[in-house]
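Thanks, everyone; I would like to take a few minutes on one chain, beginning at its surface and then working inward. Please have a look at the sequence and the structure first.

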Amino acid sequence: MQGKKVKLFIQSDDISLSIAFVETISVHNQLKGRVMEIINGSDVNVGLLLTVEITSGYVKRMKLEVGKEILCLFKSVAVDIVV
């Protein structure tokens with residue numbers, strides 16, 4: 001697909017969050033983002049045009065707030081590519 005623009009789609013429930021890089025995990029894709037918005041206490045916009053679904057309890061446990069750096073973890077099989 002060299003030279004073509006593509007769009008990647010990842011379902012929000014296929015993304016996990018971490019506040020630090022995780023070295024010993026089977027999920028290899030870890031993208032750095034930043035919390036841009038917390039919607040309804042549990043949906044987190046991380047600025048990569050990704051919205052992540054987590055429980056409101058984990059928003060509190062991870063001390064997520066707007067501006068905080070975060071890592072988005074996902075498996076490659078969760079990615080849909082549209083040309």
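On the surface of this predicted model, Val 6, Leu 8, Ile 81 and Val 83 make up a nonpolar patch of about 380 Å². Val 83, which lies in the segment that follows β8 (79-82), has a relative accessible area of 65% and therefore counts as exposed. Ser 76, in the loop that links β7 and β8, is likewise a residue to look at, since its relative accessible area of 52% makes it exposed. Although Ser 76 and Ile 10 are 66 residues apart along the chain, their C-alpha atoms are separated by 9.3 Å.

Turning to the interior, where is the largest nonpolar core centred, in the sense of which residues have the most contacts inside it? That core has 16 residues, and those with the most contacts inside it are Leu 17, Val 44, Val 46, Ile 54, Leu 64 and Ile 70. Strand β7, residues 69-74, gives the most to this core, with three residues. Leaving aside residues up to four places away in sequence, Ile 70 touches a list that includes Leu 17, Leu 31, Val 35, Val 46, Met 62 and Leu 64, and also Gly 33 and Arg 34.

As for the chain overall, one helix and eight strands are arranged from the N terminus on as β-β-β-β-β-β-α-β-β. Of its 83 residues, 29% count as buried, and among contacts between residues at least 6 apart in sequence, 70% join residues at least 24 apart. The accessible surface comes to about 6100 Å², with 52% of it belonging to carbon and sulfur atoms.

Definitions and conventions:
Residues are numbered from 1 along each chain as its sequence is written. This is a predicted model: local features need pLDDT of at least 70, side-chain atom pairs count only at pLDDT 80 or more; totals for chains, interfaces and linings use all residues. Side-chain values use heavy atoms; hydrogens and water are left out. A nonpolar core is a set of buried Ala, Val, Leu, Ile, Met, Phe, Trp, Tyr and Cys residues joined through side-chain atoms within 4.5 Å. Buried means under 20% relative accessible area, exposed over 50%, partly exposed in between (1.4 Å probe, protein chains only). Helices (H or I, at least four residues) and strands (E, at least two) are DSSP runs, numbered from the N terminus. Contact means heavy atoms within 4.5 Å. Patches are made of residues with over 30% relative accessible area and no salt bridge: like charges are joined within 9 Å, nonpolar side chains (Val, Leu, Ile, Met, Phe, Trp, Tyr) within 5 Å. Accessible areas come from the Shrake-Rupley method with a 1.4 Å probe; for residues, only the protein chains shown count as cover. A salt bridge is a side-chain nitrogen of Lys or Arg within 4 Å of a carboxyl oxygen of Asp or Glu.
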